Amino acid sequence: MTQMSMIEAIRDAMDVCMTRDPNVLTFGEDVGYFGGVFRCTAGLQEKHGLHRCFDTPISEGGIIGIAIGMAANGLRPVAEIQFADYIYPAYDQIASEAARLRYRSNGDFSAPLTIRTPVGGGIFGGTTHSQSPEALFTHIAGLKTIIPSNPYDAKGMLISAIESDDPVLFLEPKRLYNGPFDGDHESPSVSWKGHPLGEVPEGHYTVPLGQARQIREGRQITMIAYGTMVWVAEAVADAMGLDADIIDLRSLVPLDLGAIEASVKKTGRCVILHEATRTSGFGAELSAQVQERCFYHLEAPIQRVTGWDTPYPHAQEWAYFPGPKRVRAAVELALKAA
Amino acid sequence: MAKKQSNHATKPNRSKMPNRSRMHVPEPPFRPGDTPDYSHISVPAMHSPHRPDPMCDDHETAEHALKLIRVMRFNGEAVGEWIPAIDADLKRRMLTDMVMTRAMDDRMFAMQRQGKMSFYMKSRGEEAVSVGHAHALRNSDMVFPTYRQQGILIARDASMLEMMNQCLSNSGDPLQGKSIPVLYSFKKHGFFSISGNLGTQLIQAVGWAMAEAYKNEDGIASTFTGEGATAEGDFHYALNFASTYRAPCIINVVNNQWAISSFQGIAMGEGESFAARGTGYGLATLRVDGNDALAVYAATAWAAERARKGGGATVIEHFTYRAEGHSTSDDPSKYRPKNDADVWPFGDPVERLKVHLIHIGEWDEERHEALSAEAKKTVRETYKQAEALGTVDAGPQVDDFTMFEKVYADDPELLTEQRELFRRELSQ
């Protein structure tokens, strides 16, 4: 076991895969010699060669387009989109091409590529460096969308993604790159050092896609979260002294319905948390699934804690962010009713 | 640089409303009711541009983007530096493939009109582009075609029965009804799954080619777009990445003058060359008479050699004419003169190769008649076999439950659930 930040864990996953499989390569804007604006590919070009870790033009549609062609031709490309906010020019290539190639060719061709991209706010990135667009991708059949919340899962899930025979969108909550975040931006930053999930095995291991992680077990209320909001949920549960079941989904598609159903049937109360905007957010899908499967076990209306239905503002970042206050209010509602 | 050659005179506004604006909107030279006259398009008879070494500097092909590579004169004589070194057997094979492609198109179009399939797209007038191109590549080179290169499959000995089964979406459809007619996928014939979204495959082909280079293999990729979809961003991505990474590929623009009802001037303004798009990217550029199978072969062979030797990509504009509607859902008489195709000054590609073969004493009218009859017979008999396997709404059908398959490599839980819901829906 080694202490790693999430950045180091992500880099290590690529290093492990590139060492084991000559067909794995990575590319994106500023990814090569420089090692990426968040340093996730630092050192990979030096270690594995110019042709295996290289810079691309500023062209997200082009980056995903070549990744599809490479993947169809037997390679395992890992394409970096510098910020998830920049992914939209590639949307057609992801939604209409990568995700559908296996289906429309009835298995004749497939595109096993991995797309890595940082999501979420908390770094004063404003409208163009803070978005959480996961729901725009979970709606696409043929694509897997996953999001780790800690270094251990990040490495194991990224290796699973690279080894998956399907296209995988791997979202990296950038506020968690260097440490867990309790939602209070005024408290000093915490590093992954000393956190049990900052302990990362060396070499190859996988975290299977489609399995949620139980962050803590309780009987009073279910808190369903992913990415940054996992740690906000935990902090609020601590502060309120909740006996909470906290589920880190890790994988949105495929979704661990069993874990959700078992927990809500046990607690009868459910709060869903995400940083993305509220309307048609992934929380809407989760809420629908919970009421369809657990309606007669529910003691209170399902609560959603989300960002507001506005673009991610710059100066008002912490007013937008679904921080501890908003979570606490939702929990109180869920506990109060019935 | 050679002087720009204008291919389209445009006519002013035909709307009942006078244009009160300074904004320019291009219009094709002829509309229904006009007498088309393409005398403004120069048909070079003897002066194809010089054939440079395939490993030349890309700038040496800048003038080729503005001229027109031709091999066959209308009297059948082959002239100039681009005459390909191919024997009469291969030329006859190309003619056979073109005749077969046309015969299959005609049959499938007629069967669509009888309701046997939902849709069809003919490639009439463009058979030399697909067939000539395919024969100049290796069968293992991956092509990323559009829906009008079915001639490549014929040239590569794909099973016509499987092609027809795909169009009929019947029980023998290799794609099990997942794609609309003509959007074939034949990996075993180096034929990439065709997307219905235009332009998207250009950049994928560049990625495929980069992977060939990455693996130290000498395969190349060849990708197609119509002139209309060169307006998509994907075209820019493809040319830019092909240039940056010197990808071993060929980027073909089939300029058949029409994108459904929009004439080529809508795609990028009048009088320009689509091949010239490549010049600014530092790519080699060739513009070829797409109704001249030997010229298509020669240009392709040049570009393939350049790509295979590490010289990078070539943009080839195949200058041709879409002799029929866009698809069975289209009626071209609504937007262009009925006899437009007949007066197109570059002739018919099948006729031109036939005339050439007769000119060199390797073919005659009787053999041609026999070939046409034989092609029709083969198509008719193959179609009979295909229809015995069902059509889109009659006879043996693809099992509906296959719609849940091949979404992912393994079935996610939610899809398994939905499959069960569908089972219940059927039993109600």
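In strand 5 of chain A, Thr114(A), Arg116(A) and Pro118(A) point one way while Ile115(A), Thr117(A) and Val119(A) point the other way, and all of these residues are buried. Because six of the six residues of this strand are buried, strand 5 of chain A is largely enclosed by the rest of the structure. The model described here is a predicted one, and the account that follows moves outward from this strand to the sheet, the domains and the second chain.

**The sheet around strand 5**

Strand 5 belongs to an open sheet of seven strands in chain A, arranged in the order 3-2-4-5-7-6-12, and the pairing within this sheet is mixed. At its edges stand strand 3 (53-55) and strand 12 (251-253) of chain A, each of which pairs on one side only. From one strand to the next, the twist averages 20°.

Three of the pairings can be set side by side, each with its number of bridges and a pair of residues that stand opposite each other.

| Paired strands of chain A | Sense and bridges | Opposite residues |
|---|---|---|
| Strand 2 (residues 24-28) and strand 4 (residues 76-80) | parallel, five bridges | Val24(A) and Arg76(A) |
| Strand 4 and strand 5 | parallel, three bridges | Glu80(A) and Arg116(A) |
| Strand 5 and strand 7 | parallel, six bridges | Pro118(A) and Glu172(A) |

Strand 5 of chain A is thus joined to strand 4 of chain A over three bridges and to strand 7 of chain A over six bridges. Arg116(A) and Pro118(A), which point one way from the strand, are the residues that stand opposite Glu80(A) and Glu172(A) respectively.

**The loop before strand 5**

Which two elements of chain A does the loop that holds Gly107(A) connect? Gly107(A) lies between helix 5 (101-104) and strand 5 (114-119) of chain A. With 17 other C-beta atoms within 10 Å, Gly107(A) is partly exposed, whereas the residues of strand 5 of chain A are buried. When residues up to four places away in sequence are left out, Gly107(A) touches Arg102(A) in its own chain and Lys406(B) in chain B. Between the C-alpha atoms of Gly107(A) and Ala161(A), which are 54 residues apart along the chain, the separation is 19 Å.

**Two domains in chain A**

Chain A is divided into domain 1 (2-200) and domain 2 (213-336), and the C-alpha centres of these two domains lie 25 Å apart. Their contact takes 32 residues from domain 1 of chain A and 30 residues from domain 2 of chain A. On the domain 1 side, the elements that give two or more residues are helix 6 (134-138), strand 6 (144-146), helix 7 (151-163) and strand 7 (168-173) of chain A. Strand 7 of chain A therefore has two roles in this picture, because it gives residues to the side that touches domain 2 and also runs parallel to strand 5 of chain A. By class, this side of domain 1 has 13 nonpolar, 13 polar and six charged residues.

**The contact with chain B**

Between the chains, 35 residues of chain B are in contact with 36 residues of chain A. The elements of chain B that give two or more residues to its side of this contact are helix 5 (200-214), helix 6 (233-244) and helix 12 (413-427). Helix 5 of chain B gives the most, with 11 residues. Taken by class, the side of chain B that touches chain A has 17 nonpolar, 12 polar and six charged residues.

Key
Residues are numbered from 1 along each chain as its sequence is written. Chains are lettered from A and ligands numbered from 1 in the order in which they are written. This is a predicted model: local features need pLDDT of at least 70, side-chain atom pairs count only at pLDDT 80 or more; totals for chains, interfaces and linings use all residues. Two strands pair if DSSP finds at least two bridges between them. Helices (H or I, at least four residues) and strands (E, at least two) are DSSP runs, numbered from the N terminus. Axes are lines fitted to C-alpha atoms, for helices over the stretch in contact, and angles run from 0 to 180 degrees between N-to-C directions. Domain bounds come from an automatic or database domain assignment. Two residues are in contact if their C-beta atoms, placed from the backbone, lie within 7 Å. Ala, Val, Leu, Ile, Met, Phe, Trp, Tyr, Cys and Pro count as nonpolar, Asp, Glu, Lys and Arg as charged, and the others, Gly among them, as polar. A residue is buried if 20 or more other C-beta atoms lie within 10 Å of its own, exposed if 12 or fewer, and partly exposed in between; C-beta atoms are placed from the backbone.
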